[in-house]
Amino acid sequence: MPNAILDPTGRASAAPTSSRGPLAARRGDLAGLRVGLLDNTKHNAMLFLQEVGTLLVARHGAASVSIVETKASFSIPVDEDIVSRYKEACDVVVTGVGDCGSCSAAAVADGINFEHAGLPAAVVITDAFLTTGSMMAEVQGQPDYEWITTEHPMASLTPEEVRDRAERLLPQIVDSLARVAS
Amino acid sequence: MSTVQLDADTTQLTVEHLYAQGWSDGLPLVPATQPLVDRFLGVAGRAADEIIGHMPQVDRSVTVELAAINAAMAGCRPEYFPVVLAAWEALMNERAAKGGGWQSTSGPSPLIIVNGPIREELGLNSTGGVFGPGFRANATIARAIGLIVRNVFGVHPHELEQATQGLPGRWAICIGENEEDSPWEPLAAERGVVGNAVTTTLLRTCEYVDNRHTTDAEQLLSDFADTIGRSGSWIFRHAMAGIVFCPEHAQLLAAAGFSRKDVAAWIAERSGRTTDQLARAGKDSAAEGVRVPGDNAVPRSFQHTFAPGADAQMLVAVAGSRTAGISMVVRYFADWSGIPVAITTGATQ
């Protein structure tokens, strides 16, 4: 009997990642809801998120932007501490902007982690990182997870262009945070 | 062994099978079997299930045994395995590797530098063509690290790995320090670990400085300062670089009285560009950390490549042959720890 060839991944015997359960429930609108923003440190991300926050309050009746944090490490998904701070302080989360290899994957994992804590999340990633986002969604047990895609690059936009971008993506962000799943 | 009939046909089927599993980096792999992996574990003298790395992004962990399987597949001999483990441990100490390094658009490569008598024992090249191919130990130790990242962490190109272009020689840069022709103490010894040791960092690129006609130490160093100071590699307020000197350059500098620390201090003081030069590349302002176009307010002011005090973290090694004055500038992530890891084997524990 020849020796068996060993598996180098350590995952051969692992059960396929099962779905981690449903995403957070949506309410249909954003009236009176507190908005959390999570900046992933990438250039222009904070400006973009703050503009989105302002527009959600001004046009969609959100109560306020109630928590704004910057990730300590753009490449590491949010942990329970961060999720529970947001859970305490806000009702919906907008995060991004995924504009690099590791931060885009991490942003998808962030969105999924917020969802499982009951917080509807809108994740914005540039279109250069579709595949890595999908891979991370799969790793996180949420292969069908959807995020919002915008044109790459984001980092080289002027402040005016960033604000335009926020304006253009607003309908999708509102939809992502408020639309009741059919 | 002479009685064993080599079976090329089955070997070819095996090679194809390993490709079909998605385990290969593009080159053929050696099939790992338990008896082979047990020899790796025996040399290392470490518990097979000891966890030696974790990637929080995907929550996957590397054990000594998984590292051994990948090292065997990379073509390592069992006696190379302690070097793989030391290199891995040293990389896991680096913030850049623990963070998003393996997934990064920069597509960095570990630079693995080995010191000590183990270089001779393993046939690890430290002289001519040290950055190139031709030596099993150099090629397979570096490759083993790449296979661990690929297979255990599951970081595959185009998927979780998002290198825009990546580095030539990624997963292929493992060099011995040429201690015999170096005028200085071995690199790891100078950084606190005497004997067999690995020093490593996450490399952004290598670029040569070819200067074989000056005998003036400051002219030579000026050539390095110019290369290190160029704007193209600069994305944040500061950047980091080291030098792997050829023996000729190292000896010239040492003869002029330069220690490693002197070299680092000289380079740190003089590497950089004027604000005006940076403005031409749209990189003169670093007010928020990232370099962006600014207003070129003080055109003649000089901006230093290295952060103040960063010369202590400048990597200065010696490798290559005595055939010409050609050295390599090595660029790496700015927060390099600079801490070597001792290579240990089961026998010495």
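Which residue in E5(A) does A:Val124 stand opposite? In this predicted model, the partner is A:Ile148. The close-ups below start from that pair.

**View 1. Strands E4 and E5 of chain A, side by side.** E4(A) covers residues 121–126, and three bridges tie this strand to E5(A) in the parallel sense. Look here for A:Val124, with A:Ile148 of E5(A) standing opposite.

**View 2. The open sheet of chain A.** Pull back a little and five strands come into view, running in the order E2-E1-E3-E4-E5 with parallel pairing. At the edges stand E2 (64–70) and E5 (148–150) of chain A; each has a single partner strand, so one side of each goes without a neighbour in the sheet. Going from one strand to the next, the twist averages 20 degrees.

**View 3. Two helices of chain A packed on that sheet.** H1(A), residues 45–60, packs on the sheet and touches strands E1 (34–39), E2 and E3 (92–98) of chain A. The direction of H1(A) makes about 170 degrees with that of E1(A). H2(A), residues 80–89, packs on the sheet too, touching E1, E2 and E3 of chain A. For H2(A) the angle is taken against E2(A), and comes to about 165 degrees.

**View 4. Helices H2 and H3 of chain B, crossing.** Over in chain B, H2(B) (residues 34–44) and H3(B) (residues 64–74) pack at an angle of about 120 degrees, their axes 9 Å apart. These two helices are therefore oblique to each other, and H2(B) passes H3(B) in a right-handed crossing.

**View 5. The side chains between H2(B) and H3(B).** What does H2(B) bring to this contact? On its side sit B:Leu36, B:Val37, B:Phe40, B:Leu41 and B:Ala44. H3(B) meets them with B:Val64, B:Glu65, B:Ala68, B:Ile69, B:Ala71 and B:Ala72. Sorted by character, the residues of this contact come out as ten nonpolar, no polar and one charged.

**View 6. Where chain A touches chain B.** The contact draws 26 residues from chain A and 28 residues from chain B. On the chain A side, H3 (101–116) and H4 (130–139) each supply at least two residues. Which element gives the largest share of that side? That would be H3(A), with six residues. The chain A residues touching chain B split into 16 nonpolar, ten polar and no charged.

Technical notes
Residues are numbered from 1 along each chain as its sequence is written. Chains are lettered from A and ligands numbered from 1 in the order in which they are written. This is a predicted model: local features need pLDDT of at least 70, side-chain atom pairs count only at pLDDT 80 or more; totals for chains, interfaces and linings use all residues. Two strands pair if DSSP finds at least two bridges between them. Helices (H or I, at least four residues) and strands (E, at least two) are DSSP runs, numbered from the N terminus. Axes are lines fitted to C-alpha atoms, for helices over the stretch in contact, and angles run from 0 to 180 degrees between N-to-C directions. Two residues are in contact if their C-beta atoms, placed from the backbone, lie within 7 Å. Angles under 35 degrees count as roughly parallel, over 145 as roughly antiparallel, 65 to 115 as roughly perpendicular and the rest as oblique. A crossing is left-handed if the near helix is turned anticlockwise from the far one by less than a right angle, and right-handed if clockwise. Ala, Val, Leu, Ile, Met, Phe, Trp, Tyr, Cys and Pro count as nonpolar, Asp, Glu, Lys and Arg as charged, and the others, Gly among them, as polar.
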